[in-house]
Amino acid sequence: MRFRAAIVGLFFLVAGNLLEAPALAAGGNRVALVIGNSKYVYAPALPNPAGDARLMAEVLRKAGFNVIEGVDLDYAGMRDRLNKFTEASYEADTALIYYAGHGMQVNGKNYLIPVDAELTAPAHLKTRTIQIDELLDALPPDPAVGIVILDACRDNPLARTLAASLPKSRSTTAPGLAPIDVSGSEVGTGGVLIAFATDPGSVSYDGNGANSPYTTSLARHLAEPGVEIQSALTRVRGEVTAETDGRQRPWHNASLGREVFIGSQTPPPAPAPQPSATETPAGPASTDARGWEIEQRVWDEASKRNTLAHYEAYLQQFPKGAFADLARLNIDQLKKPPIAVGDTPAVVANTESAASRSTTAAGAPAAAANPETDTGTELTESAIGLDRQEKIELQERLLAIGYDLDEADGDFGLKTRRAIGQWQEENKLPPTTFLTSKQYARLKLDTDDALKSYRAQRASEAEAKKPESATPQKTEKPQPAVRAKPRRDRQREAANPRPAPKSKAAGRKSGFRTCSGIDGTFEVPASQRCPLSGYAHY
């Protein structure tokens, strides 16, 4: 009996260990490399990556990672941190790399850029950057899980500098980073996941605060208890897409053999509902508070856009959501033919009022924003999509209405930003020094006449300078070089000096001519010739 009891006890012990295996794996040996590069030497400083790295390092430490951290690293510093991570993660169960800063793609390969990199020749890609393939090589092999998260798709002036030096067969014209294939031939319980701040070939944005929209959302969801990593990244994509009006859409690519939890695997207990008369109605019973907030955001975006695609996207994600019936009603209304002139759009009015009532019931809606007085940010100005010529024209408009700029060169430096802020302040707009699309349209409208006058004045000034530059300068004729007389001639002249010519009387100068004779010179009337014999005949 004792032997049988021991066998049964051993069986339950082993079974218990097997059931706890996933949880133990989640809390096993976990190593992270976190780098944020902001202060670039040969490019404008980035406002967020250093703060993004500090935030992610804190999140990962709380989740049980051994974090190797670096901020504003040069090439040697990035190499050093990568080597330390490679050694530390060799036997890890989960290894994660997070990078924020400048990155670029050349011929489909991705490169991370240290703060001291000056990229003016093709060879600099090999000697002054870190290729992302090296990050993948630093991850431990299966059955470990490797994760790489890149917030490195920002607009990159270093890529444009390098593009000018590359042959035409090697192009850096594509912005952002290239997609990475993580499908492997090995079949195991580990795998690799690559997460990007935005779609391949697109540009991500820095926010107004200390962190980028992507990292802010990532820090909120990545280590959320009970949320698997791919579900967390899906939530991040939804939030960032809504916050940037669809201009930035994070994505990820994975070949994982099992579920991976960065935070604890067990979700926290749901808080007990405490309804009140003034409280916002709750969503479906199975939806937690965070899920309800996401649903509200998706619905707000759909109702703002008011398109079939946005309502269908809401229904796809929330088929039984609080606004599902209203979404279907709006879809039916949008599919109807346009109302003829003179008809009463009663159904549309009812639909809009219903939408308004539902939004009010779901939560207090934000005050209707005035696009013209909205706060301008780097994101709103990037959305305008100004090219170099349009930037030059904008600077000309500011010059035309009297703001102090050095020149219209298409580079929005300190003086241009100051001028934009002064214009905003004078027009009772938030003086952020960044424009919204409505503010840009207003500035153009207000300065059209001034721009014409400014350009006409510049043209007349340029025309006035033309004659001055076109007038040929008189060149003095070079005087022939005077040769020195030979020495013999100089000696002869010195021994027999010629008598100085006598000055003629002014009164007789025109009436007489001078003749030479045996006795010297004599004068005869100008009407006569000198006598051949040398004597004058009077």
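This is a short dialogue on reading the features of a predicted model.

Biologist: What does the chain hold in helices and strands?

Modeller: The predicted model has 18 helices and 11 strands. The chain runs to 538 residues, and 35% of them count as buried.

Biologist: Among contacts between residues at least 6 apart in sequence, what percentage join residues at least 24 apart?

Modeller: The figure is 65%.

Biologist: Now the interior. How do I read a nonpolar core, and which residues have the most contacts inside the largest one?

Modeller: The general idea comes first. In soluble globular proteins, nonpolar side chains tend to be buried together. Here the largest nonpolar core has 37 residues. Phe85, Tyr99, Leu112 and Leu150 have the most contacts inside it. At least two residues of this core come from each of β1 (30-36), α4 (75-88), β3 (94-100), β4 (103-106), β5 (109-112), α6 (132-138), β7 (145-151) and β8 (191-196). Another core, of 30 residues, lies apart from it; Met56, Ala219, Ile229 and Val260 are among its members.

Biologist: Which residues is Phe85 in contact with, leaving aside neighbours within four places in sequence?

Modeller: Phe85 contacts Val31, Ala32 and Leu33, then Ile68. Ala95, Leu96 and Ile97 also touch Phe85, as do Ala138 and Leu139.

Biologist: And Tyr99: buried or exposed?

Modeller: Tyr99 lies in strand β3. Its relative accessibility is 1%, so Tyr99 counts as buried; the cut-off is under 20%. Residues up to four places away in sequence aside, Tyr99 touches Ile35, Asn37, Tyr40, Met78, Leu112, Ile113, Ile149, Leu150, Asp151 and Ala152. Gly70 stands 29 residues from Tyr99 along the chain, and their C-alpha atoms are 9.7 Å apart.

Biologist: Next, sheets. In which order do β4, β5 and β6 stand?

Modeller: Strands of a sheet pair through backbone hydrogen bonds, either parallel or antiparallel. In this structure, an open sheet of 3 strands has the order β4-β5-β6, with antiparallel pairing. β4 and β6 (130-131) are at the edges, each with a single partner strand, so one side of each has no neighbour in the sheet.

Biologist: Over how many bridges do β5 and β6 pair?

Modeller: They pair over 2 bridges, in the antiparallel sense. Tyr111 stands opposite Gln131 in β6.

Biologist: How many residues lie between β10 and β11?

Modeller: There are 2, and the two strands form a hairpin. Strand β10 covers residues 512-517 and strand β11 covers residues 520-525. Their pairing is antiparallel, over 6 bridges. Phe512 faces Pro525 in β11.

Biologist: On to helix packing. At what angle do α11 and α12 pack?

Modeller: Two packed helices are described by the angle between their axes and the distance between the axes. For helix α11 (residues 308-317) and helix α12 (residues 324-335), the angle is about 155 degrees and the axes are 9 Å apart. Angles over 145 degrees count as roughly antiparallel. α11 and α12 are therefore roughly antiparallel to each other. α11 passes α12 in a left-handed crossing. On the α11 side, Leu308, Tyr311, Glu312, Tyr314 and Leu315 make the contact. On the α12 side are Ala324, Ala327, Arg328, Asn330, Ile331, Leu334 and Lys335.

Biologist: Is the crossing of α8 and α9 left-handed or right-handed?

Modeller: The crossing of α8 and α9 is right-handed. Helix α8 (residues 213-221) packs on helix α9 (residues 229-243) at about 145 degrees, with axes 9 Å apart. From α8 come Pro213, Tyr214, Ser217, Leu218, Arg220 and His221. They meet Ala232, Leu233, Arg235, Val236, Glu239, Val240 and Glu243 in α9.

Biologist: Last, backbone details. Which peptide bond is cis, with omega near 15 degrees?

Modeller: The bond from Asp142 to Pro143. Pro143 sits in the loop between α6 and β7.

Biologist: What is phi of Asp245?

Modeller: Phi of Asp245 is near 55 degrees, a positive value in a residue other than glycine. Asp245 is in the loop between α9 and β9 (251-254). Its relative accessibility is 29%, so Asp245 counts as partly exposed.

Biologist: And where is Thr433?

Modeller: Thr433 is in the loop between α16 (414-426) and α17 (437-470). Thr433 has a positive phi of about 75 degrees, although it is not a glycine. Thr433 is partly exposed, at 21% relative accessible area.

Technical notes. Residues numbered from 1 in each chain as written. Predicted model: local features only at pLDDT ≥ 70, side-chain atom pairs only at ≥ 80, totals over all residues. Heavy atoms only, no water. Core = buried A, V, L, I, M, F, W, Y, C linked by side-chain atoms within 4.5 Å. Buried < 20%, exposed > 50% of the residue type's maximum accessible area, 1.4 Å probe, protein only. Helix = DSSP H or I, 4+ residues; strand = E, 2+ residues; numbered from the N terminus. Contact = heavy atoms within 4.5 Å. Pairing = 2+ DSSP bridges. Axes fitted to C-alpha atoms, helices over the stretch in contact; angles between N-to-C directions. Parallel < 35°, antiparallel > 145°, perpendicular 65-115°, else oblique. Left-handed = near helix turned anticlockwise from the far one by under 90°.
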